[in-house]
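Me: I'm new to reading protein structures, and I'd like to understand the reasons behind the labels. Could we go through this one together?

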Amino acid sequence: MTQQPSIQAPAKLIHGNHYLLHGQLETWQGPSSEVRSPLLDAEGQRTLLGTVPDLDSEVGMAALDSAKNAYDHGRGAWPTAPAGERIEAMEKFIELILPRRQEVVDLLMWEIGKKRSDSEKEFDRTVDYLRDTIAEYKNLQREGSHINVVDGTLAQIRRGPLGVVLCLGPFNYPLNETFCVLLPAILMGNTCVFKPAKYGVLLMVPLLEAFAKSFPPGVINVVFGRGRTLASPIMASGDVDVLALIGNSKSSNALISQHPKPNRVRQVLGLEAKNPAIVFPDADLDTAVRECVKGAWSFNGQRCTALKVIYVHKDIRVKFLEAFAQATDQLVWGSPLDNADITPLPEVGKVEAMQAYIQEAQQQGAAMVNERGGRVERNMVFPSILFPVSRDTALFKEEQFGPVCPVLEFEDFQEVLDDIAKSDYGQQVSVFTQSPETAGHCIDNLVNQVCRVNLNASCQRGPDTLPFTGRKDSAVSTLSVKAALRSFSIRTLVACSEGQKGLVEDVIGGGHSSFSNMNYLL
Ligand code: G3H
């Protein structure tokens, strides 16, 4: 079959030669990097989409200075701004990005190969998240707009910003996961330097103006280029108070270790995972298969929440594998523009990496379970189910982040529990059973190993109001509409004895403080 029958190259190249520094869209005259699509042109080359600036460390440090000056040790106009002012800026930002929806959706498809419906969902879900974040921020402000009296002490407690945030986003959800940390951080009064991921970078170009027009100078600075050139010196300066990174622990550890005082850095990290599915003999087969197909293969398995290993009880193994293989083989591969299920992989070298996992697993005794497994069409890999996969293989040990899934058989649930206990990851798990006893036993044995036990459903982040986090190497801090605002802030308070009541009344009544006020935001 042909890979992308209906694909035309995008109408025009996007030459992003701007970056956002101190509220200004600065023009970069230096070298730039090509952005190429995983969708191949007629010659089989990655289609050229445009360019982004390849900024040097001087610009990176200027962006840091800009964020530092805007924060000004917590005394800047933004960290001390009244809540209403910050909300207004956020609302303006949302209003300005809405008309860019189609451009962003198109770029999601072209840059990272995300299918049309998922690209649209990513944009819409992000806008919903930002709106919900504003509502939650109002709640926080309301909670902070009163005085507690404790043992003769008056105290007004609010959540305050932490300082300068370095924000680094991932390629698989370049809009959603980035904005779901960046915007809550800004709303809480922090200032930021943001560097988009290597893939999914061009889609920030149409949004730069919205940042520039919505937030005061220095609050958000957007830089493009290599992590080593930009992020490393920024961390080494010691001036970063929060590292917000969605990626892997190797990158976050390397960056944290460059900070002269790592203890000062608040880490908000969404990292690697290896979420298991556990299929018990009494599982509803249709449900288990449907959820495993969705969990393992959505966006070619390139989700941190993807099911990345499947344990199936020996009594249902044959039936399950047969049905799982059959359902998997029905997936359609092709263009994201045609909303195909399986699409080209954006990372250079990814096809070879997937093949290496398959080859090693096969050398160690695994067989390819599904007929279409392992097929490669240019830079697409058809989902591959391997069984039985040895615990000594990279496919078992590592986060494969792609369309290859190892399956292991178990007889005693304890074997699965031992693997999970030994694993470096601890995000979520999916359990498939109809028995309340088994479900209850699994919950109690798993809930302290991971941070979400899904019953008869694949692993996932949503709904976004639920806490999203992980243990071990899978995350630091919690994200959700509510939790992100907390992750990017710290409680700070004003306290005095009851004898100071008059002074407090005069501060508040006279409108002398932005922190000490009783304004009740509607
Ligand atoms: O890559 C990790 C994403 O946060 C997963 O989100 O479960 O909604 O796909 P999702």
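Me: Which residues is Asp419 in contact with, leaving aside its neighbours within four places in sequence?
Reply: They are Tyr311, Arg391, Phe396 and Leu408. Contact here asks for heavy atoms within 4.5 Å. Keep in mind that this is a predicted model. Asp419 itself is found in helix H13, which covers residues 413-422.

Me: Why is Asp419 counted as buried or exposed?
Reply: Set the value against the cut-off. Buried means under 20% relative accessible area, and Asp419 has 10% relative accessibility, so Asp419 counts as buried.

Me: And how do you know whether Asp151 is buried or exposed?
Reply: Use the other end of the scale: exposed means over 50%. Asp151 has 76% relative accessibility, so Asp151 counts as exposed. You can find Asp151 in the loop between strand S6 (148-150) and strand S7 (153-161).

Me: What makes the phi of Asp151 worth pointing out?
Reply: Most residues other than glycine have a negative phi. Asp151 is not a glycine, yet its phi is positive, at about 45 degrees.
Asn456 also has a positive phi, near 50 degrees, and is a residue other than glycine. Asn456 sits in the loop between S22 and S23.

Me: Why is Asn456 given the label "partly exposed"?
Reply: The label covers values between the 20% and 50% cut-offs. Asn456 has a relative accessible area of 30%, so partly exposed is the right label.

Me: Which peptide bonds are cis, and what is the omega of the one from Phe387 to Pro388?
Reply: For the bond from Phe387 to Pro388, omega is near -10 degrees, and this bond is cis. Pro388 lies in the loop between strand S18 (384-387) and helix H12 (394-397). Gly462 and Pro463 are also joined by a cis peptide bond, with omega about -10 degrees. Pro463 belongs to the loop between S22 and strand S23 (471-472). As background, most peptide bonds are trans.

Me: What makes strand S8 largely enclosed by the rest of the structure?
Reply: Count its buried residues. S8 runs over residues 164-168, and 5 of its 5 residues are buried, so the strand is largely enclosed. Its two faces tell the story: Val164, Leu166 and Leu168 are buried on one side, with Val165 and Cys167 buried on the other. That pattern fits a general rule: in a regular strand the side chains alternate between the two faces of the sheet.

Me: How do you know that S8 pairs with strand S9?
Reply: Two strands pair if there are at least two bridges between them. S8 and S9 (residues 191-195) have 5 bridges and pair in the parallel sense. Within this pairing, Val164 stands opposite Thr191 in S9. S8 also runs parallel to strand S11 (residues 242-246), with 4 bridges joining them. There, Cys167 has Ala244 as its bridge partner. S8 and S9 also belong, with helix H5 (residues 176-187), to a right-handed β-α-β unit.

Me: What makes S15 and S22 the edge strands?
Reply: Look at the order of the open sheet, whose 7 strands run S15-S18-S19-S14-S13-S21-S22 with mixed pairing. S15 (367-368) and S22 (453-455) are edge strands: each pairs on one side only. Inside the sheet, S14 (residues 307-313) and S19 (residues 404-410) pair in the parallel sense over 4 bridges. One pair of bridge partners is Ile310 and Val407, the latter in S19.

Me: Which residues touch the most other members of the largest nonpolar core?
Reply: That core has 97 residues, and the ones touching the most other members are Phe179, Leu183, Phe211, Phe215 and Leu243. H5 gives the most to this core, with 8 residues.

Me: Why is this core said to lie between domain 1 and domain 2?
Reply: Domain 1 (55-271 + 476-487) and domain 2 (275-473) both give residues to the core, so it lies between them. A second, separate core of 30 residues includes Tyr357, Val381, Phe396 and Phe410.

Me: How many residues of domain 1 and domain 2 are in contact, and what area is buried?
Reply: 24 residues of domain 1 are in contact with 24 residues of domain 2. The area buried between these domains is about 2200 Å², and carbon and sulfur atoms give 52% of it.

Note on methods:
Residues are numbered from 1 along each chain as its sequence is written. This is a predicted model: local features need pLDDT of at least 70, side-chain atom pairs count only at pLDDT 80 or more; totals for chains, interfaces and linings use all residues. Side-chain values use heavy atoms; hydrogens and water are left out. Buried means under 20% relative accessible area, exposed over 50%, partly exposed in between (1.4 Å probe, protein chains only). A crossover is right-handed if, with the strands pointing away from the viewer, the path from the first strand over the helix to the second runs clockwise. A nonpolar core is a set of buried Ala, Val, Leu, Ile, Met, Phe, Trp, Tyr and Cys residues joined through side-chain atoms within 4.5 Å. Domain bounds come from an automatic or database domain assignment. Buried area is the accessible area (1.4 Å probe) that two parts lose on being put together, summed over both.
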